[in-house]
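Thank you all for coming; please look at the model with me before I begin to talk about its parts.

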Amino acid sequence: MSIAGKAAIIGAGCSAFAEHWTKSAEDLVVDAVLEAYADAGIVEPRRQIDAVFAGSLYAPMGPVHVTEALKLYKPTTMVYNYCATGTEALRAAVMAVASGAHETVLAVGFDKPKDRGVSGPSVNIRGVRELPETPAGWFALCAAPYFARFGAGREDLARIAVKNHHNGTLAPKSFLKKEITVEEALGARLIAWPFGLYDCAAQTDGAAAVIVTRRDLARNYHDRAVIVRAVASASAPHPHTDPAHDFLRWKPTVAAAEAAYAIAGISDPMRAIDVAQLHDCFTLTELLSYEDLGFIAKGAAREHIAAGTFALGGELPVNTDGGLKAFGHPTAATGLRMVYENVLQLQGRAGARQVPGAATALSHNIGGYPTGCAVSILSRE
Amino acid sequence: MTGIVACGAWIPARRLPLPLLAGKAAREGAPERALAWADEDALTMAVEAARDCLGGRDRGDIELLLFASTTGPYAEKQGAAIIAAALGLAPGVRTVDVGSSLRGGTQALLLALDAVRAGSARAALVLVADCREGAPGSALEANGGDAAVAFLLAGGEPLIEVIDSASESAESVDVWRRHGDRFTHAWEERFVLAHGYLEPALAAAGRLGARGRFDPARCDHLLLSAPDRKAHEALARALGGASRAADPLLGSVGACGSAHALLQLVALAETAEPGASALLVNHGDGADALGLRFRRKAEARMTARLARRLPLTSPDQYRRARDLLVTEYAGNDFQGISATVHRRERAEDLALAGQRCACGHAQFPRERICGACGVADRFTDEVFAERRGRLLTYTLDAFFPTPEPPTAVGVVQVDDGPRIYLQLTDVPAADVALGMALEFTFRRIHTVGGRPNYFWKCRPRGEAA
């Protein structure tokens, strides 16, 4: 049984992404979910929601954060797949609906990293061997081989940061609303070579949520439901030990994209996809994803970045709301924030950053070392 | 005949130019001292000296391991046992720590000699290492040095023959460090020189001469431990000849504690003519005097060891690395590494042990399922520490907390082995390059939990030890 086209998104919500010093994780979950309820026209969630699929990397109490925040006592499952957790929550929700186990479910992702008192991800030294344990260091490992092979460099990465910072100025709920220049990006302090400060996502607090129902039930709510054509997830060997890694790509993205395109019946993603939200935890991750998702050939990113292929107004606008870079990255919320943006784009509600006539949208989450990836493809009904 | 059949040494690459301690700029050629870096201590240096000494030699006959140091990482928990694990010695090896006195180096050597001569060990490995850390502003801070030496003792044709020895035990409150003290205290300088140093050293040499098997007055070379240059010159004079004294390495390595006279021996073994004799005097709560004869020349590596230098350029580098600065928070001190996990993973962490599947696939760390053929439990253990490798990819991580960011880290392809994610050390960030040739080095990787935690790093493959 395929999940293709069996489920529909009838509501989407997203909190502002910010350093929410005065709000709790529960407050942010409520912000996102109440917006999703309102978007779907759900007025009695205790009657209308059958189950909850939630994701968080930092929440110490797991499902209780959600059930108590919403006072919604339904079968609640936490999912976890590093930075791909948000999309994994959507996948669990879609599978639950497509299988017939539930009719209408809530998927919610949230994280509250700014309650920890540190800037950036935690540096927890738990083991002796896997050091340094910093995401910037892990995601930087493709840089030297890719640069050596294809002649790209830090300037190409900087152009991605400049694009996403620009897009972020157009999204009301984004964290960073600040244009930057290539020179500023290149001159920023080093985080992990080749990444300077502006190559790294802005870690924020936030939550995002969608309501998923059976496609045939969507019309009971309204007539602008978005169809889930595919959600796929993939794993790949740990890049630090994989004996066959070439450090020119991230294998989880390649595998998840292949699976998602097979489910959705897409053979030429560059033509089939109108708008995409990619996991720009670091600028290089976005660059590699252009290629690993099959939008362009391996090694061609540099020329496409220069040509503006992925800018607003380009052939395939990427990270229209500013991405992790500028919109912000509350880890487990990110995948559902991407779905929120894609729903707005497909419904023509994206304001100044609207991609005209967008009919099919892709979102992409990658996480771990990286070792896991999840991809969603949505279309207008 | 039983004697020293192989020797080795480790001098840390970092050097502290002494003008920096006086608030002046470092200039090339100024006196300096060797400085164990933040990822080194007496134990890691001893492992490196041992690897230098043993080379590709089979380690199966080493039945006694002695680790002598006054600066071992633990008051209770044996350094020699950690070293035996790192070197992959047989579990039946007798491991001994010798401490409490700078004289421990020669005491360990003589104990090992006795054991091999008596037939209770086929071969004995003696490792002597010290990090001489002085309080800021003290003479020891400038005069001290950090280094390690290794000697393999066994039957057969020796490199160096120990003809005879004599000891002098002399209780004196001249230099001491109590439990809980970080730095060494010393009594009044001239008292220490006269009664803590010269008097017992001359007494031991005299007693050696009186035994009649070795004449200290007629030997070719003098190898003398000393706290500083003045003391060294005074003892050499009193023994009848500064011209016969070997370079005490003051101003280059520094007075490296229990390894000081023995490091001079390792150096001299490369240049002394076969048949030449040497008096070695090592002080500390008395003195040991050894009469030695060189039987053949050791492989010449000392020049390269001394040339492998990464001099510091600012005093703050030194203070950060040696944890001499007051900071907002104490260092990383989470719950620490689980001792349970440490025990399970000690072969990986201490010996860089991985495994090879019956299908031929090599893996690190050791696991149940093969990544190539997918079959479970067909592995044999394989140690990769003495293998070489090359750098497949890397980053310079400025976010990870360390005394000297950025941390160079990368994926290393082990020759005929697996890929391992490792830090690089003893290499300036600007020199890190794709494909660079690497070898492994045993280091103190962090002190999470307030304990030293050891693992391997990579350094550029070089000619030097």
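I will speak about a strand in one chain and then about a pair of helices in another.

This is a predicted model, in which local features need pLDDT of at least 70 and side-chain atom pairs count only at pLDDT 80 or more, while totals for chains, interfaces and linings use all residues. Residues are numbered from 1 along each chain as its sequence is written, chains are lettered from A and ligands numbered from 1 in the order in which they are written, and side-chain values use heavy atoms, with hydrogens and water left out.

Let us start with strand β4 of chain B, residues 62-68, where six of the seven residues are buried, meaning under 20% relative accessible area with a 1.4 Å probe and protein chains only. Strands here are DSSP runs of E with at least two residues, and helices are runs of H or I with at least four. Two strands pair if DSSP finds at least two bridges between them. β4(B) runs parallel to β6(B), residues 123-131, and six bridges join them, with B:Leu66 having B:Val126 as its bridge partner. β4(B) also runs parallel to β5(B), residues 94-98, through five bridges, and there B:Leu65 is partnered by B:Thr95.

Turning to chain A, how do helices α7 and α11 pack? Helix α7(A), residues 154-168, and helix α11(A), residues 283-292, pack at an angle of about 100°, with their axes 9 Å apart, which means that α7(A) is roughly perpendicular to α11(A), a term covering angles of 65 to 115 degrees. Among the residues making this contact (heavy atoms within 4.5 Å) are A:Leu157 of α7(A) and A:Tyr290 of α11(A).

Definitions and conventions
Buried < 20%, exposed > 50% of the residue type's maximum accessible area, 1.4 Å probe, protein only. Axes fitted to C-alpha atoms, helices over the stretch in contact; angles between N-to-C directions. Parallel < 35°, antiparallel > 145°, perpendicular 65-115°, else oblique.
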